[in-house]
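Reader: I'd love a close look at one part of this model, namely a single helix and whatever it packs against. Could you walk me through it, with the cut-offs spelled out as you go?

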Amino acid sequence: MAVFSAAEEGWRLTHLGRLMGDALRRFDARVLQLMAHDVEVPLALSNLAARDQVSAAHVHITRHLSLAGDRLTDLAQRAGMTKQAMAALVDQCIAWGLVTRTVDPYDARARRVCFTPTGLAWLQAFRTAVAQAEAEFRAEVGDEVAAVVAIGLEAYAGGAPP
């Protein structure tokens with residue numbers, strides 16, 4: 001069994017995966033904070049966001065649900081979640097009025113998750129908040145670094161896993 005000294009353990013705090021995860025958590029937290037203070041967000045949803053009832057998990061629906069709606073299994077797959085976890089999240093978003101389940105026009109046995117008008121307002125607030133958070137990122141690290149980070153992450157995310 002390998003034993004690491006304190007000096008050798010620093011890599012766990014600074015490796016690329018950890019830094020990307022920390023950056024994503026910071027970015028998502030800022031987006032939710034901006035949404036909590038957006039006057040265009042329906043008041044009940046703004047209050048939920050302000051009280052930290054809306055989490056990064058809820059952002060998965062906002063980030064991954066297509067405007068045409070999706071089957072739960074497809075939505076879960078795109079978000080990298082289990083179908084059961086996504087179903088629980090969808091149920092909560094239905095209760096909040098963000099999404100609804102409708103009959104799939106191509107398969108009457110299947111259901112589609114679709115944005116409601118309130119959900120579309122939430123999506124617009126998400127878009128605005130993401131743009132603001134990205135602008136803050138660029139201001140903090142500089143336009144050149146932000147461009148390199150974006151290009152690098154796009155290339156890495158689009159590549160095939162080893």
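Author: Let's settle one term before anything else: a residue is buried under 20% relative accessible area, exposed over 50% and partly exposed in between, using a 1.4 Å probe and protein chains only. This is a predicted model, in which local features need pLDDT of at least 70 and side-chain atom pairs count only at pLDDT 80 or more, while totals for chains, interfaces and linings use all residues. Residues are numbered from 1 along each chain as its sequence is written, and side-chain values use heavy atoms, with hydrogens and water left out.

Some context will help. The protein has eight helices and three strands; these are DSSP runs numbered from the N terminus, H or I over at least four residues for a helix and E over at least two for a strand. Along the sequence they come as α-α-α-α-β-α-α-β-β-α-α. Of its 162 residues, 31% count as buried.

The part I'd pick for you is helix α6, residues 83–95. It has 13 residues, which at 1.5 Å a residue should span 18 Å, and its end C-alpha atoms are indeed 18 Å apart (the expected span is 1.5 Å times one less than the number of residues). Which residues of α6 are buried? They are Met-86, Ala-87, Leu-89, Val-90 and Cys-93. These five sit on the same side of α6, because they cover an arc of only 165° around the axis, taken from the directions between the helix axis and the C-beta atoms. The general background is that an α-helix has 3.6 residues a turn, so residues three or four places apart point the same way. On the face of α6 turned away from that buried side you will find Gln-84 and Ala-95, both exposed. After the helix comes Gly-97, with a positive phi near 85°.

What does α6 lie across? It lies across strands β2 and β3, at about 115° to β2; axes are lines fitted to C-alpha atoms, for helices over the stretch in contact, and angles run from 0 to 180 degrees between N-to-C directions. The two strands belong to an open sheet of three, ordered β1-β3-β2 with antiparallel pairing (strands pair if DSSP finds at least two bridges between them). Its edge strands, β1 (70–71) and β2 (99–104), each pair on one side only.

Between β2 and β3 (residues 107–115) there are six bridges, in the antiparallel sense, and a hairpin of two residues joins the pair. Along this pairing, Arg-101 stands opposite Val-113, while Thr-102 has Arg-112 as its bridge partner in β3. Arg-112 also stands opposite Arg-71, within the two antiparallel bridges that join β1 to β3.

Now for a neighbor that ties helix and sheet together. Ile-61 is in helix α4, residues 56–64, and counts as buried at 2% relative accessibility. Not counting residues up to four places away in sequence, Ile-61 touches Leu-75, Met-86, Leu-89, Val-90, Cys-93, Val-99 and Phe-115, where contact means heavy atoms within 4.5 Å. Its C-alpha is 8.1 Å from that of Leu-89, although the two are 28 residues apart in sequence. Across the protein, residues 24 or more positions apart account for 51% of the contacts with a separation of 6 or more.

The cysteines deserve a word too. Cys-93 is buried at 1% relative accessibility, and Cys-114 is also buried, at 16%. With a disulfide defined as a pair of cysteine sulfur atoms within 2.5 Å, the count comes to zero.

For contrast, here are two residues in other helices. Arg-127, in helix α7 (residues 117–141), is exposed because its relative accessible area is 62%. The C-alpha atoms of Arg-127 and Arg-63 are separated by 9.5 Å, with their positions 64 residues apart along the chain. Phe-27 lies in helix α2, residues 16–36, and counts as partly exposed at 23% relative accessibility. Leaving aside residues up to four places away in sequence, Phe-27 touches Val-130, Ala-133 and Glu-134.
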